[in-house]
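Hi everyone, thanks for making time. Could you pull up the sequence and the structure so we can look at them together?

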Amino acid sequence: MRASRDQQSLSYPLRLPDEAQQDVLRLLDVSREVINAVMTSLWDRLDEFGTRTNTYAYKQVEEMISSPMPHGHRQWRCEAEQAGRILRGQAERKKQFALIIPLLEEGMIQPKTEKQQAGKKRSAIKQALADLHEANADGGNAVELQSLIEQCCNFYLKNGCFPDTYEEMQAIPVLKTGILPYAGDDGPDLGQSYRMAIDLEQGMVTLALRFPNEAGKWSRSWREKTIHMTLPDPVLTRLKQGEALAPVVREVGFAEGNRYAVLDFMVRVAVETMPPWEEMQAVLGFDWGVRTLVTATAIDLNGHQIGRPFFLDTGCFDGRQARTRRQIDLLKKKAALLEARRDSFPEGDKRREPAIRKLSVLRKEIAHCWRKYEARNKDLAHVTANVLLLLATVSGCSFIAGESLKSLKSTGHGRDAKGKWRNWRNNSQVRGELWRVLRYKCHLVGIRLEWQQPRKTSLTCPVAVLPLIPTAPLSISRRCKTGERGSSVAPVAGTAPEIMQLPSTSLVWARRLLPII
């Protein structure tokens, strides 16, 4: 999802009709072979993609290689665009790899003992990242650097040494599922690989895609075989506000080879203008919690809290996710028993067939549970972002500040299924989906978003707005010195007022320096 200062691109996935599934999946299979062949051929020239010679990635690829399977120039440009995007991303990651090479040491590896297997020493990794001081204000680089260090540690655990080059550690990122962006074509009216017409009054989109037949031949009459789809109301609303971009066709795969094709309908809309610094009077700060997902509070430029703090409690949601996760664990245990029973008989033995049939059903059910699990996580990210935007609007805040915990790593497995879910939420959700959704939504509605480093952010009680004191001489947990019931907080829960002190001060200085600038 790319965005400029005054525009934002939004993607809406639409499942293609059943009658077009086989043709589009056949197209994606052919395109995937071409894209993988291009990345394999250009992998040794990865450094050249670190410098962008053109805005479009396909132009840079065309300068280096021609199509390994010619079936139309515009079709090749679309395939080269996807290959170039992947190679550009890997080139940027290789630049980050050069930063962590001096940090790699055997102290990051936990040696094997009689009671513990060899693994990564996370305290050493955390200290190495703190010493590097290369993270951006939003914590983005911190997550990338930590991911690279952990990947290097995994390489050490497998091979007994750290990698000398990025290519030694990273395998060629070939596609396992097909994806084809049409940004390399000539547009919806003159395109030679796709055509698209939108009827806003009827709420319909007519699409034609160039694809091979079952014999592998590309027909010249592909424009005559059109696909008609109804556009959802949110898409129509966005289309009236902006313009449609080149779509993306991709494959969604499941267990046992089940898959279908979707059309990512792209719309570019104008974003709201951010208010000038001199008009900002308050900041909305939020912090991540354990029992509650987030705590949000509004504060003025003098550091005074506006209204009561808001706690987003997701207890019912956590319970549903915990039950789904427990169901997945049970199904995995059953699948492991069936695999052991199947492997106890030699190949070709008829006694293997009952276990094979049951394994097929179990794997489909596991895949279904994981889809439900991931869909709920995405819904929660959108709900949380909408709540924060609503609180900012009601409080008159055009500035949102949050604690950057994307690199947080919770250790242990939790005492129960709900504890496992909380650890997952701290490890992945905070660092990923919530941050991504909130960032683009704030940009869309014209609200500034700033991330604070997680240092000394748990020192103020959100209820009494008083300093917290340790619960014990050597304890890291803190409580309010008033001793009121329910005012104790854990250190990872944090408090929103402390987080907002830095952006509030920054806002004051920005207003003071504005006449000078």
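I'll start with the whole protein, then go to one sheet and one residue.

Quick ground rules: this is a predicted model, where local features need pLDDT of at least 70, side-chain atom pairs count only at pLDDT 80 or more, and totals for chains, interfaces and linings use all residues. Residues are numbered from 1 along each chain as its sequence is written, and side-chain values use heavy atoms, with hydrogens and water left out.

So, the big picture. The protein has twelve helices and 17 strands; these are DSSP runs numbered from the N terminus, with helices being H or I of at least four residues and strands E of at least two. Of its 517 residues, 46% are buried, meaning under 20% relative accessible area, while exposed is over 50% and partly exposed is in between, using a 1.4 Å probe and protein chains only.

Now the sheet. Three strands, ordered β5-β6-β7, make an open antiparallel sheet. β5 (194-199) and β7 (227-230) are at the edges with a single partner strand each, so one side of each has no neighbour in the sheet. Strand β6 (residues 204-209) pairs with β5 over six bridges; to count as a pair, two strands need at least two bridges in DSSP. For example, Y194 has L209 in β6 as its bridge partner.

Last stop: I306, in strand β13 (residues 305-312). Is I306 buried or partly exposed? It counts as partly exposed, because its relative accessibility is 37%. Leaving out residues up to four places away in sequence, I306 touches A282, A298, I299 and D300, where contact means heavy atoms within 4.5 Å. A282 is 24 residues from I306 along the chain, and their C-alpha atoms are 8.6 Å apart.
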